[in-house]
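Student: I have a protein structure to read and would like to learn how to follow its strands and charged pairs. Could we go through some features one at a time?

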Amino acid sequence: MNKEMSETLTRVGPGTRMGKLLRRYWVPALMSSEIAEPDSPQVRVQLLGEKLLAFRNSDGQACLISEFCSHRGVSLYFGRNEENGIRCAYHGVKFDGMGQCVDVPSSPQACARMHIKGYPCIERGGIVWTYMGPADQQPAAPELEWCTLPAEHVFVSKRVQYSNYLQAMEGGIDTAHVSYVHSFEVDGDPMHQGVKALDYIKADGNVSFEIEKQPFGLSLFGRRLGEPDSYYWRITQWLFPWFTLIAPFGKHALGGHVWVPIDDHNCWAWSINWQPDRPLTTEERSAMEAGKGIHVEYEAPDSFIPKYNRDNDYGMNRQAQKDKRSYSGIFGFAAQDYSLQESMGPIQDHEAEMLLPTDKAIVMARRMLHEAALGLEEGQTPPALDAGEQHVRPAGVLLPRDQDPVEWARENLAAAMSKPVFSL
């Protein structure tokens, strides 16, 4: 990437190229449980460089407005959530769930000019989603599989990551690293035990890739040696602009992420597990709540800050690294990933990187994002706005060495949500 491309992809605030593009999609804002009850305490939220306030109004509707009162700039976090609106604690100016001023006690005639930003919200998959783009361009609601299932089938968590969303998401796109950074711990994780595919992943670090561009984004086909007459293919999916789906392991829950910018230097890493055909078991949910698999323990309850973070060197254990109990000396799949991604700095120096063949999918994703951002400036419609294109799954499968995995996927992963899960 040159400097212009890097700047375009990593700057997400209002008015920036990427900021304008990302605002054309439904954005995961916060968990529904963070504003569980009508008129419960409001919550600060920062998305795409904007400081916002989320609350559930008296009618039970999730709402998202600017954090600051238009009168004197006071934070509405200190206001009163009552009677379908937030009333500023300073002078009583009141705003509804779309930021419309509905009362100025000291000057009623000023109400019409006191409005603040407000964004529409919907709730799916235990998440409050918001749309921050032009009102007349609002797309259909998300239809990712985990958004459409009963709550008992799904577990959702999130964490703060101290890096730009792009390098975090590229870690989700890059499946070559699985044979290295996760290799010494994967057998002991309860969400990966008893899985034949791990033998192939650990035995063959020389993964090669085929990438197919899709209406929804990219399908990534990672090939490793399987049995003497077969290859093991991990088929992961990148759904434009920020969703990744992980190739499944055995009968364990499917998994995926959403990588959402907080600002240019920080992001929310959402992690989702789900079982398409049944509720999660008590054991599965307990493991997820304990921070196993793709989830994390928190530094403090509901802080969303990982327990192992940059302030404690992510719990680095050099002896465990030496003893080959942890490849990087850090434990936990998520921590193993975000520790390395944060080590690049808030925004990595893209001009200095020297990419390898295994980075092909990252290169293609960057180009798609860049082209879409520039195209939007020229009046082109952004890609993957059709929610029906999100009806896709990842897969893990052994195929004969002479079988084309792309053709196999076209036949077996089209309309995947109505078909069995392909997993080893």
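Tutor: Let us begin with a single pair across two strands: Met31 stands opposite Ile127 in strand 11. Please keep in mind throughout that this is a predicted model.

Student: Which way do strand 1 and strand 11 run, and how many bridges join them?

Tutor: Strand 1, which covers residues 26–31, runs antiparallel to strand 11, and five bridges join the two. Strand 11 also pairs with strand 10 (residues 121–124), again in an antiparallel manner, through four bridges, and in that pairing Val128 is the bridge partner of Glu123. The hairpin of strand 10 and strand 11 has two residues between the strands, and Gly125 takes a positive phi near 65 degrees there.

Student: How should I think about the two faces of a strand, and which residues of strand 11 lie on each side?

Tutor: The general idea is that side chains in a regular strand alternate between the two faces of the sheet. In strand 11, Ile127, Trp129 and Tyr131 lie on one side, while Val128 and Thr130 lie on the other, and all of them are buried. Because five of the five residues of strand 11 (residues 127–131) are buried, this strand is largely enclosed by the rest of the structure.

Student: What does the record say about residues 26–130?

Tutor: An unreviewed UniProt entry annotates residues 26–130 as "domain: Rieske". Over this stretch the chain is 0% helix and 40% strand, and the end C-alpha atoms are 5 Å apart.

Student: How do I read a salt bridge, and where are the partners of the one between Glu145 and Arg393?

Tutor: A salt bridge needs a side-chain nitrogen of Lys or Arg within 4 Å of a carboxyl oxygen of Asp or Glu. The side chains of Glu145 and Arg393 meet in this way, at 2.7 Å from N to O. The pair links distant parts of the chain, with Glu145 in helix 3 (residues 145–148) and Arg393 in the loop between helix 9 (360–377) and strand 19 (395–400), 248 residues apart.

Student: Why do Glu145 and Arg393 count as buried?

Tutor: Buried means under 20% relative accessible area; Glu145 therefore counts as buried at 5%, and Arg393 does so at 2%.

Student: Which residues form a nonpolar patch on the surface?

Tutor: Tyr180, Phe184 and Tyr327 form that patch, with about 290 Å² of accessible area together. Tyr327 is found in the loop between helix 7 (318–322) and helix 8 (333–343), and at 39% relative accessibility Tyr327 counts as partly exposed.

Technical notes: Residues are numbered from 1 along each chain as its sequence is written. This is a predicted model: local features need pLDDT of at least 70, side-chain atom pairs count only at pLDDT 80 or more; totals for chains, interfaces and linings use all residues. Side-chain values use heavy atoms; hydrogens and water are left out. UniProt positions are given in the numbering used here, feature names are shortened, and annotations may be inferred rather than shown by experiment. Patches are made of residues with over 30% relative accessible area and no salt bridge: like charges are joined within 9 Å, nonpolar side chains (Val, Leu, Ile, Met, Phe, Trp, Tyr) within 5 Å. Accessible areas come from the Shrake-Rupley method with a 1.4 Å probe; for residues, only the protein chains shown count as cover. Buried means under 20% relative accessible area, exposed over 50%, partly exposed in between (1.4 Å probe, protein chains only). Two strands pair if DSSP finds at least two bridges between them.
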